[in-house]
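Please report on selected local features of the model shown here. Cover burial, strand pairing and side-chain contacts.

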Amino acid sequence: MKKLILKSALYFFLILILLEALVRVFHLGKDTPTRFLDEHEVEKWMPNQNGFSVTGNRRQNFSEYHINNFGYNSYREFNPTRNKIEVALVGDSFIEGFHQDYYNSIGKKIENSMPGIEVYEYGYAGYDFADQLHLIHSYKEQFDLIDHVILGIKFSNDLTRGEYKVVSGRLDLESPMNRLLKKSKLLVYSKSIGILDPPQRLMYRLINTLKPKQSIKPIDKQEAQRIKKEEEREYLANFKSLIASYGFDKDRFTLLLDAKVTSSFFLSYLKENDVNYIDFSTFFEATDRPTTLIYDRHWNNHGRALIAQLISEYLSSIHLTPSSK
């Protein structure tokens, strides 16, 4: 019996080693870059990292990333001067672009259509409007040299707070234990395809059974509308609070948003206060091809091409071209 247990343990260990090797050879597990908090309390990626972002259990999406020396996924370094035309794209994972090879990003597509313009992509998964304005304020000298700044914003996600504070949850992923666990590509792959979900759900159920049950009252349509209006007012108040704290250059700053999922209350405020925005919803509706990936809502290559085209047309409409300098 003892011999059987030892042999079983040995075979199990060898199988794990084999699976780990297969995951590494076929690049099934994603390479997650290291996060850090810089001296200005701006959260971003540790500079000068390279790797591959993998999504799906059959490498449904496989793309290469490159973190430049400023801490963002980009094929170029950020070096703004007064002698060139530079555009900054600031936003979350949609701007970060881990779902696309870094040398075929939205910024690169814009540059291809507008030779002579440099596009700097300050994208980081999880950035909200507070993160974006804090970044711009922290590196004011750099952003003052950039001719135009486009900020990606989603009304329901990015205006939930009216002041900037460091989000510790994302940085907790860089704990010594998590770093050690990430060294196993098999473990990373297993988590990404959901193998570890059932035991996690079981654990949550066991924890919830120990908690006292609370009765939840159903919400009628009138109450739901009241809550929605309160939420919209709160998000607008947060927007006002952030631009009051950090400033908002209406001549150089433009929002990028989907008007279909943006509150009409917020859009009216933007129009009344001459805050420029680019609405990509009509562009996406006009195409007969998918604009997002099959397995999540991030833009696919076609969607990114449309975004790049729309931004290029907008920049031309405000006469931001190399000849304008």
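The report below goes from a surface patch to a buried strand and then to two buried side chains.

This is a predicted model, in which local features need pLDDT of at least 70, side-chain atom pairs count only at pLDDT 80 or more, and totals for chains, interfaces and linings use all residues. Residues are numbered from 1 along each chain as its sequence is written, and side-chain values use heavy atoms, with hydrogens and water left out.

**Surface patch.** A nonpolar patch of about 1,100 Å² lies on the surface, and its members include Leu10, Phe12, Ile15 and Leu22. Patches are made of residues with over 30% relative accessible area and no salt bridge; nonpolar side chains (Val, Leu, Ile, Met, Phe, Trp, Tyr) are joined within 5 Å, and like charges within 9 Å. A salt bridge is a side-chain nitrogen of Lys or Arg within 4 Å of a carboxyl oxygen of Asp or Glu. Areas come from the Shrake-Rupley method with a 1.4 Å probe, and for residues only the protein chains shown count as cover. Leucine 10 belongs to helix 1 (residues 2-25); helices (H or I, at least four residues) and strands (E, at least two) are DSSP runs, numbered from the N terminus.

**Burial of three residues.** Buried means under 20% relative accessible area, exposed over 50%, and partly exposed in between.

| Residue | Relative accessible area | Class |
|---|---|---|
| Leucine 10 | 47% | partly exposed |
| Histidine 298 | 15% | buried |
| Glutamate 111 | 8% | buried |

**Strand 7.** In strand 7 (residues 148-152), 5 of 5 residues are buried. In a regular strand the side chains alternate between the two faces of the sheet. Here His148, Ile150 and Gly152 point one way, and Val149 and Leu151 the other. Strand 7 pairs in the parallel sense with strand 5 (residues 85-91) over 4 bridges, and also with strand 8 (residues 253-257), parallel and over 4 bridges; pairing requires at least two DSSP bridges. Valine 149 stands opposite alanine 88 and opposite phenylalanine 253 in strand 8.

**Histidine 298.** This residue sits in the loop between helix 13 (281-286) and helix 14 (301-317). Its side chain makes a polar contact of 2.7 Å with that of serine 93. A polar contact is a pair of N or O atoms within 3.5 Å; within protein, one must be able to donate a hydrogen and the other to accept it, and residues adjacent in sequence count only if both atoms are side-chain atoms. Beyond four places in sequence, histidine 298 touches residues including Phe94, His99 and Thr291, where contact means heavy atoms within 4.5 Å.

**Glutamate 111.** Glutamate 111 is part of helix 3 (residues 106-113). Its C-alpha atom is 8.6 Å from that of serine 312, 201 residues apart along the chain.

Notes: Buried < 20%, exposed > 50% of the residue type's maximum accessible area, 1.4 Å probe, protein only.
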